[in-house]
Amino acid sequence: MKDAFYMNMALDLAIQGRGYTSPNPMVGAVVVRNGKVIGRGYHAAAGQAHAEINALNEAGPAARGATLYVTLEPCNHTGRTPPCTLKILEAGISRVVVAMRDPNPDVKGHGIQYLQNRGIKIELGVEAPRARRMNEAFITFVRTKRPFVIVKCAATLDGRIATRTGDSKWVSSETSRAFVHRLRHAADAIMVGMGTVRSDDPSLTTRLAGAPGSDPKRIILDTHLSIPPEAKLLHLQSDAETWIVTGPSVPDADRQAFELPGIRVVAAPLQHGRIDLNFLMDELGRAGVTSLLIEGGGHVIAAALQAGIVDKLFFFYAPKILGGDDGVPICRGTGPERMADSIAVKDVQIQQLENDVLIEAYIEKE
């Protein structure tokens, strides 16, 4: 029980790095001696010190003989920072409690084995489910070299994300919209289609209450390069790039005309007349994008689900009913003929945000 208590403390610390550590994972660490916490740390941003280093530095000489709790296997290789295993040995830590192994097959187990070979006691798997869920995007990326994909939508109780005129402001509550901005902050990239650009003229930036948010890279599916030159997405003051993804028939000269600072135009093959999303996932993976948030609309959500690229869902249902069959549905296009061929979801969680109901779930994959 004590191990679980301190590991949860480390996991709470790790979450403070959300939105800043990519492509690294979120990691937290706690140093405990004689039942007293003497050091705390978390990985604040990619390129900065790892959680173990920060916790051990805070503990100082008192770390000798103590226990280190860390949410991910300590690294035993030199990257942008030195190996954490060496610091652990130098500090005189006698026991290390680890939530989960590093999922990277090239380094998995190396840090644990290195420490065990030098006499340090290892306890593995404490609060592992929570640790894996927290870093689900990192785990997916290191295993597949593609982003972890989340679909978010806000709908009425009768399944409409906008009226027949395209009006969608606002389907969901202010609390739900604040939740979505936290999703944006945590994601490396956000994707919409041209229908959303035309109807909403969005900025797709992050706005957090009381804190600076991290803007995701913006991905616009624009098969025919029809985005209006005055669209907000082309004139943002943001550190994040905007990608315009076009079909292969768009002339090079037209694409080059949009290649402005902060804007990248990507040519992609088509599947059934639309951007090949599996090709795009590979491209995003090569660009180091570990997580992608898809915000719609109906054609994009349906295409993503049918392409099999979606990992997780956040569906917000508002206490509203349009009462007609002419509004914009969550998914547009042709679905399966049989209910047996529907897309199954698992690990469903439900919570209430003001009067909205949020359904969070994962796509069942074979």
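**Exercise 1.** In this predicted model, state in which helix Ala307 is found, and decide whether Ala307 is buried, partly exposed or exposed.

*Solution.* Begin with the secondary structure: Ala307 belongs to helix 11, which covers residues 298–307. Next, take the relative accessible area of Ala307, which is 29%, and compare it with the cut-offs, where buried means under 20% and exposed means over 50%. Ala307 is therefore partly exposed.

**Exercise 2.** Which residues does Ala307 touch, if those up to four places away in sequence are not counted, and how far is Ala307 from Ala131 in space?

*Solution.* With those sequence neighbours set aside, Ala307 touches Leu277 and Asn278. For the second part, Ala307 and Ala131 are 176 residues apart in sequence, and their C-alpha atoms are 28 Å apart in space.

**Exercise 3.** Classify the ring pair formed by Phe179 and Phe316, and work out which parts of the chain the pair ties together.

*Solution.* The structure holds five aromatic pairs. For Phe179 and Phe316, the ring centres are 5.8 Å apart and the planes stand at 70 degrees; since an angle over 60 counts as edge-to-face, the pair is edge-to-face. Phe179 lies in helix 7 (residues 174–186) and Phe316 in strand 15 (residues 312–317), so the pair ties together parts that are 137 residues apart in sequence. Both Phe179 and Phe316 are buried.

**Exercise 4.** Find the ring over which the charged end of Arg118 sits, and the residue whose ring face lies under Arg264.

*Solution.* The charged end of Arg118 sits over the ring of Tyr114, 3.6 Å from its centre. Arg264, in turn, lies over the face of Trp243, at 4.3 Å from the ring centre.

How values were computed. Residues are numbered from 1 along each chain as its sequence is written. This is a predicted model: local features need pLDDT of at least 70, side-chain atom pairs count only at pLDDT 80 or more; totals for chains, interfaces and linings use all residues. Side-chain values use heavy atoms; hydrogens and water are left out. Rings of Phe, Tyr and Trp (its six-membered ring) pair if their centres lie within 6.5 Å; planes under 30 degrees apart count as stacked, over 60 as edge-to-face and the rest as tilted. Helices (H or I, at least four residues) and strands (E, at least two) are DSSP runs, numbered from the N terminus. Buried means under 20% relative accessible area, exposed over 50%, partly exposed in between (1.4 Å probe, protein chains only). A charge sits over a ring if NZ of Lys or CZ of Arg is within 6 Å of the ring centre and within 35 degrees of the ring normal. Contact means heavy atoms within 4.5 Å.
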